[in-house]
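Biologist: Before I use this model, I would like the terms checked against the structure. Can we take them one at a time?

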Amino acid sequence: MFINRKFPTSRLRRLRANSTLIDLVSESSISSNDLIQPLFIKENLKGTEAINSMPDILRYSKESVIDEVEDLLDHNINTIALFPAIDSSKKDSDGTEALNKSNLICESIQKIKSKFPEMLVIADVALDPYTDHGHDGLLKNNYVDNDLTLDVLKSQSLILAESGADILAPSDMMDGRIGIIREALENADYKNTILLSYAAKYNSKFYGPFRDAVSSASNLGTSSKSSYQMSPTNKDEAIHEVAIDINEGADIVMVKPGMPYLDIISLIKNTFKVPTFAYQVSGEYSMLKLAINKGWLHSDVMLESLVSFKRAGADAILTYAAKEISREINIK
Ligand code: PBG
């Protein structure tokens, strides 16, 4: 490469003399188009409600979420990912409510898409908001049974597609689910429904605040998702996961969590050259936001953390800070 560059012929500070120069040579950038806002919708709620472990993030009622979607569009956020907090009385061991065509999430998707067809809606495919044990699949002898779960995920996917979801995002980490869902979508003539696979999803403690937000934490208790989510120690395995999901019909793959897994984002993007998203998960968001709100960290750390995703190779980022960052970068 460049090798004999010596001082003072070479002064790297020349290109840092002012912000115009810095911007001119910047290697990565972030725009509103790269940001996806996750939203929590809660049943039997009036208006909105704060989430204890997620500063400045709200749960919305079916009605109030409509105003929020409009506000997001006004902030140039054009893609949302919806998560339901369903009534505990509706949770059971089979996650039956997930297959109710007029459940909270299906009704919300229909409403949002009919008012704002231009908003892209991502719907999560997994059973954890619906099961009384808090797992993403069905239990058999206290073990999450892969193949039994596939059947349910397939039906869940079809009703979400029917409700108008543009993108289905299986976040459950069962083996074979992308293939089964893709085939079901083709057969039902949902040929353009996009599959965003949570392909490399790690068994992470950074999901803690999310589980509070959808109130699955108490259901899960001390049980762990280690028999289906990936071990944080592994990297080659991420390549296997992603390769399989692409072959089975995923249009976009995702790495999750984000900041502690930037090496994985970079590896996946460089290896496969396919659309690759990353999720700045609840715990990552909360630790930054809490420190910002306390005045311990400058508020720019949020943007800095998101730029690191772009630098690593992420095409888009799911982040709870999507709206505020979009506002910020459009003012700057
Ligand atoms: C569950 C799901 C989780 C998240 C998205 N979908 C949590 C989990 O796997 O327990 C986490 C998102 C976050 O922490 O922000 N299917």
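**Core, strands and pocket**

Modeller: The model is predicted. Its largest nonpolar core has 98 residues, and those with the most contacts inside this core are Phe40, Ile80, Leu82, Leu168 and Tyr279.

Biologist: What makes Tyr279 eligible for a nonpolar core?

Modeller: A member must be a buried residue of a listed kind, and Tyr is on that list. Tyr279 is buried, on one side of E11 together with Phe277.

Biologist: Why is strand E11 called mostly covered?

Modeller: Buried means under 20% relative accessible area, and five of the five residues in E11 (276-280) are buried. Thr276, Ala278 and Gln280 cover the other face. The two groups fit a general pattern, because side chains in a regular strand alternate between the two faces of the sheet.

Biologist: How do you know that E11 pairs with E10 and with E12?

Modeller: Pairing needs at least two bridges. E10 (252-256) and E11 have three, and E11 and E12 (316-319) have four, so both pairs qualify. Each pair runs parallel. Met254 stands opposite Phe277, and Gln280 has Thr319 as its bridge partner.

Biologist: Which helix belongs to the β-α-β unit with E10 and E11, and what is the unit's hand?

Modeller: The helix is H9 (262-272), and the unit is right-handed.

Biologist: How much space lies in the largest pocket, and which element gives the most to its lining?

Modeller: The space is about 570 Å³. Among the 14 lining residues, Ile22, Val25, Ser26, Glu27 and Ser28 are the closest to the centre. H11 gives the most, with four residues.

Notes:
Residues are numbered from 1 along each chain as its sequence is written. This is a predicted model: local features need pLDDT of at least 70, side-chain atom pairs count only at pLDDT 80 or more; totals for chains, interfaces and linings use all residues. Side-chain values use heavy atoms; hydrogens and water are left out. Buried means under 20% relative accessible area, exposed over 50%, partly exposed in between (1.4 Å probe, protein chains only). Helices (H or I, at least four residues) and strands (E, at least two) are DSSP runs, numbered from the N terminus. A crossover is right-handed if, with the strands pointing away from the viewer, the path from the first strand over the helix to the second runs clockwise. A nonpolar core is a set of buried Ala, Val, Leu, Ile, Met, Phe, Trp, Tyr and Cys residues joined through side-chain atoms within 4.5 Å. On a 1 Å grid over the protein atoms alone, a cavity is a set of points where a 1.4 Å probe fits but cannot get out, and a pocket is an open set with protein on both sides within 12 Å along at least five of seven lines; lining residues have an atom within 4 Å of a point. Grid points are joined across faces, edges and corners, and a volume is the space filled by probe spheres set on the points.
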